[in-house]
Amino acid sequence: MLRSFFYIGIVSLLLAACGEVKHPQGIDHVVVIGIDGLSVQGLKMADTPCMDSLIRNGAVSYGVRTVAPSTSTPNWNTMFYGAGPEISGPAIWHWDGSSYMRNLDVAPVVMTENFRFPNIFRIMRDQRPDAEIGAIYEWWAIGLMFEPELLNVHETKPSAIETANRSAEYIREKKPAFLFVHLDKIDGYGHREGHMSPGYISGIKEADTWVRIIVDAVRDAGIAGRTMIMIVSDHGGIYHSHGDAAWEEVTVPVIFSGAGIRKNYEIRQQMYVFDMAANVAFALGLDIPYEWTGRPAKAAFTGFDEPDNLWKGLVLLPPPVFPVEDKPHGRLFVDRPAEVNIAMPAGGEGVIRYTTDGSIPTRESDVYSAPLTVDRSTVVNARLFSKKGESPNVTAYYRVADTKAGHGLNFKIYQQPVMREMPDFRLLRPAGEGVCYEFSLHNSPGLQTLRSRYGENYAMTFTGKLQVDEDGIYVFNLFSEDGSKLYIGQELVINKSGLGESATTGKTELKAGLHPIRLEYFKQGGGGEIMLWYEGPNVPKQIVPADKLFR
């Protein structure tokens with residue numbers, strides 16, 4: 001009997017000794033470098049020797065999903081709070097000089113004494129009261145997303161290089177247990193020059209030098225062998241903006257490197273931006289609040305595996321790439337056929353399939369192998385297919401105008417003082433006029449010249465005839481920054497007379513034939529934007545085609 005108890009005791013000790021390790025071993029410091037606006041395709045295309053080295057010596061995911069909307073404030077906030085805004089509450093907090101005031105968004109499901117959802121800084125301060133914790137950031141609003149009294153250092157710097165240098169100085173001096181660094185300049189390149197433009201790609205190369213400064217400081221401080229480094233991003237982008245739901249906007253990369261991290265490993269499990277806090281807590285052996293929805297990507301760490309219950313079905317692939325100089329995809333071509341170019345996404349593999357009839361491509365659709373030439377306005381849809389998955393659909397609108405056929409619109413521009421509503425054009429005298437080929441402020445050199453001449457406050461009219469090929473109900477969608485009205489014949493189809501940017505929809509029944517069309521527009525301050533879409537019988541939704549408009 002005693003012998004039996006002895007053997008049971010020995011077996012129990014062995015099982016306990018061989019039990020599951022709860023946290024990674026050997027990680028005493030975590031440095032998270034947040035690069036605002038760093039996209040997956042941008043990281044893959046840019047020359048980034050430092051980040052490439054971190055990837056080779058670490059783990060990476062190219063499929064991290066943001067929260068909605070794909071803008072900076074909710075996504076940085078959710079990284080700190082380990083849950084999306086529907087759980088953690090306010091996406092930003094305001095400082096009134098003496099106290100924090102929360103806004104009236106969804107209330108957090110649980111709160112600290114400061115009425116905040118518990119964030120990673122709070123969790124670490126509670127569980128490691130003596131830990132050195134810091135945040136150094138280029139964008140001032142980062143400082144509104146946490147309680148500064150929880151940190152030893154919280155500073156904002158006016159430039160990326162100053163942020164990187166101050167972070168390096170702090171690492172060498174204090175060897176923080178946790179440091180968050182925010183670098184904002186890449187987002188500016190995306191807005192000014194366009195995402196995936198040469199300037200944006202060059203900016204990511206420049207950002208790699210800032211990352212190098214911080215990585216070198218970890219080495220110089222003598223803590224490289226005990227430090228995990230993470231590179232994170234809040235959103236990607238497309239054209240000159242972000243905030244919508246395109247794959248390029250809602251998909252970002254994450255890099256793990258350093259102590260306790262697998263080498264040259266691509267993470268298979270799905271990750272989300274709100275996983276950042278959970279990964280920091282997991283790396284440092286902190287208890288993760290039950291209320292967080294973020295989960296650590298354990299497979300990135302040595303000694304841990306991917307979850308057993310990973311989805312075995314198809315995965316989402318990155319979409320094919322149309323030229324991105326224009327928004328939306330596609331372009332206007334005058335007196336020449338349109339050339340359609342579709343490229344494989346960086347690092348993508350599989351087959352690009354496309355359609356030109358407005359339908360969504362399937363695995364049986366035509367294979368894209370070389371540029372196409374179309375001699376009429378065409379809606380092109382494209383998707384990437386492989387054995388393991390499929391991409392979202394991407395649509396491009398190619399518009400073709402023939403001046404000999406009489407395609408085009410007449411426009412008039414009116415120089416006006418500040419306006420808050422549509423003027424009475426019967427009382428105005430045009431300051432300039434000309435010809436353009438669609439309802440746009442950007443595709444006519446003459447129009448752009450006049451707009452630049454008359455400043456930020458102006459009004460315009462576009463007039464012509466719309467060719468309708470089939471009887472039926474037609475739905476029009478008009479996007480404008482400030483006021484706009486759309487008339488078909490004598491009918492006012494859309495009336496958006498106020499300020500601000502929005503899209504407004506209207507519908508009307510039209511017979512086959514030519515119909516007078518008139519768009520009125522006014523702009524108060526700023527550059528301005530208009531875009532007119534329609535759909536109808538056997539007409540997929542598209543920009544009103546240039547070859548259906550006549551002067």
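**Briefing: strand pairing, helix packing and burial**

Strand β24 (residues 484-488) is joined to β27 by five bridges, and the two run antiparallel. The model is predicted. The chain holds 551 residues, of which 54% count as buried, and its secondary structure comes to twelve helices and 30 strands. The points below cover pairing around β27, the eight-stranded sheet, its strand β5, the residue H195 and totals for the chain.

**Pairing around β27**

- Within the pairing of β24 and β27, Y487 has R518 of β27 as its bridge partner.
- Strand β27 (residues 513-524) also pairs with strand β22 (residues 457-468), in the antiparallel sense and over twelve bridges.
- On the β22 side, the bridge partner of M460 in β27 is Y521.

**The eight-stranded sheet**

- An open sheet of eight strands has the order β6-β5-β7-β1-β8-β9-β2-β10, with mixed pairing.
- Its edges are β6 (153-156) and β10 (265-266), each of which pairs on one side only.
- Helix α7 (residues 160-174) packs on this sheet and touches β1 (29-35), β5 (133-137), β6 and β7 (178-183).
- The direction of α7 makes about 170° with that of β7.
- Strands β8 (residues 227-232) and β9 (residues 251-258) are antiparallel and share four bridges.
- In that pair, I231 has I255 of β9 as its bridge partner.
- Helix α11 (residues 275-283) lies across β1, β7, β8 and β9, and runs at about 175° to β8.

**Strand β5**

- β5 pairs with β7 in the parallel sense, over five bridges, and Y137 stands opposite H182 of β7.
- β5 also pairs with the edge strand β6; this pairing is parallel and has four bridges.
- In the pairing with β6, G134 stands opposite V153.
- Five of the five residues of β5 are buried, so the strand is largely enclosed by the rest of the structure.
- The cover extends to both faces: I133, A135 and Y137 are buried on one side, and G134 and I136 on the other.
- Helix α7 is one of the elements that touch β5.

**Residue H195**

- H195 is in the loop that links α8 (185-193) and α9 (198-220).
- Its relative accessible area is 3%; because buried means under 20%, H195 counts as buried.
- Leaving out residues up to four places away in sequence, H195 touches G190, Y200, G236, G237, I238, Y239, H240, S241 and V324.
- H195 and Q41 are 154 residues apart in sequence, and their C-alpha atoms are 9.5 Å apart in space.

**Totals for the chain**

- The C-alpha trace spans about 100 × 60 × 40 Å along its principal axes.
- Among contacts with a separation of 6 or more, 70% are between residues 24 or more positions apart.
- The exposed area of the chain is about 24,800 Å², and carbon and sulfur atoms supply 52% of it.
- There are 54 positive and 65 negative side chains, and the centres of these two sets lie 2 Å apart.

Methods: Residues are numbered from 1 along each chain as its sequence is written. This is a predicted model: local features need pLDDT of at least 70, side-chain atom pairs count only at pLDDT 80 or more; totals for chains, interfaces and linings use all residues. Side-chain values use heavy atoms; hydrogens and water are left out. Two strands pair if DSSP finds at least two bridges between them. Contact means heavy atoms within 4.5 Å. Axes are lines fitted to C-alpha atoms, for helices over the stretch in contact, and angles run from 0 to 180 degrees between N-to-C directions. Buried means under 20% relative accessible area, exposed over 50%, partly exposed in between (1.4 Å probe, protein chains only). Accessible areas come from the Shrake-Rupley method with a 1.4 Å probe; for residues, only the protein chains shown count as cover. Lys and Arg count as positive and Asp and Glu as negative; His and the chain ends are not counted. The place of a charge is taken as NZ of Lys, CZ of Arg, CG of Asp or CD of Glu.
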